[in-house]
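User: Please take a close look at the charged side-chain pairs that hold separate parts of this chain in contact with one another. I would like one connected account that also places those pairs in the wider fold.

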Amino acid sequence: MMSCRYRVQGVSVAISIVLADDHALVRRGMKALFESEPDFSVIAEAGDGLQALQITEALHPDVLVLDLMLPGMPGLEVLHVVRQKSPRTRVVMISVHKTTSMVSQALQNGATGYVLKGNPETELLDAVRAAGAGRRYISTSVPDIAVRKFLEQSPILDPHDTLTLRQREVLCLTAEGKTSAEIGEILKISPRTVENHRAMLMDRLGLKNHTDLIVHALRHGIIPEE
């Protein structure tokens with residue numbers, strides 16, 4: 001696989017990066033870290049999942065550094081859509097979660113890297129460099145069982161994977177507890193349209209009520225278990 005870094009007339013071109021984390025202080029720290037290295041260029045930042053998706057679709061960065069838990073649309077959902085809308089962009093997930101379930105879901109959805117928050121900063125640099133070169137990078141403190149589970153698991157079509165982008169947005173915002181009116185305002189659509197999307201996605205997923213929707217969101221990492 002060809003590296004995203006390349007040379008033009010002897011000049012090394014930096015890996016372009018978009019940072020997505022809902023904590024401004026964390027983004028500022030990551031930006032300072034990357035900008036201290038000559039082979040990285042931070043081209044944009046996002047504070048929520050929907051913004052991260054919009055920016056990535058518009059700019060097509062080499063690497064998206066993506067927090068697992070984001071408001072608006074969680075990292076796993078952003079990751080899934082980015083793999084469709086901006087396939088040249090490689091995604092490095094950052095998270096405090098190192099459970100087998102979370103790591104496996106990230107890898108299954110197409111993450112190139114998975115870095116644990118709180119680990120040495122060099123891990124994040126190494127992960128983005130690896131992603132830029134088309135190589136996988138997993139934090140050293142992630143249990144081996146998580147990686148083995150991903151490698152051994154056969155791909156099975158999940159009805160969740162057939163949802164449209166709009167249905168995913170409605171699902172994520174509903175799971176966050178937002179009303180149809182609030183979701184409509186965020187997505188610039190009518191509350192009635194929100195309700196139609198919700199009805200269609202629940203039918204596609206075989207969900208009967210709001211409780212089923214929350215359970216589905218928990219199982220797919222859309223909202224944290226805690």
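Analyst: E77 counts as buried at 3% relative accessibility, where buried means under 20% relative accessible area, exposed means over 50%, and partly exposed lies in between (1.4 Å probe, protein chains only). R168 is likewise buried, with a relative accessible area of 1%. This is a predicted model, in which local features need pLDDT of at least 70 and side-chain atom pairs count only at pLDDT 80 or more, whereas totals for chains, interfaces and linings use all residues. Residues are numbered from 1 along each chain as its sequence is written, and side-chain values use heavy atoms, with hydrogens and water left out.

R168 and E77 form a salt bridge, their closest N and O atoms being 2.7 Å apart; the term stands for a side-chain nitrogen of Lys or Arg within 4 Å of a carboxyl oxygen of Asp or Glu. This pair links distant parts of the chain, since R168 belongs to helix α7 (residues 165–175) and E77 to helix α3 (residues 75–85), 91 residues apart. Elsewhere, salt bridges that share partners join D21, D67 and K117 into one network.

Within that network, the side chains of K117 and D21 meet in a salt bridge at 2.9 Å, N to O. Here, too, distant parts of the chain are linked: K117 sits in the loop between β7 (113–116) and α5 (121–132), and D21 in the loop between β3 (15–20) and α1 (24–35), with 96 residues separating them. The partners differ in their cover, because D21 is buried at a relative accessible area of 0%, while K117 is partly exposed at 32%.

A further salt bridge joins R129 to D39, with 2.6 Å between the closest N and O atoms. R129 lies in helix α5 and D39 in the loop between α1 and β4 (40–46), so that this pair links distant parts of the chain, 90 residues apart. Of these partners, D39 is buried at 9% relative accessibility, whereas R129 is partly exposed at 27%. As a general point, side chains of opposite charge can pair when their charged atoms come close. In this model, a search of the whole structure finds 10 salt bridges.

The wider fold gives these pairs their setting. The protein chain has 10 helices and eight strands, taken as DSSP runs numbered from the N terminus (helices H or I, at least four residues; strands E, at least two). Among its contacts (heavy atoms within 4.5 Å) between residues at least 6 apart in sequence, 64% join residues at least 24 apart. Of its 226 residues, 49% count as buried. The chain exposes about 11,200 Å², of which carbon and sulfur atoms supply 53%; the areas come from the Shrake-Rupley method with a 1.4 Å probe, and for residues only the protein chains shown count as cover.

Two loop residues deserve a note on backbone geometry. H60, in the loop between α2 (49–59) and β5 (63–67), has a positive phi of about 50° although it is not a glycine, and it is partly exposed at 31% relative accessible area. K188, in the loop between α8 (180–187) and α9 (191–205), also has a positive phi, of about 65°, without being a glycine, and K188 counts as exposed at 72% relative accessibility.
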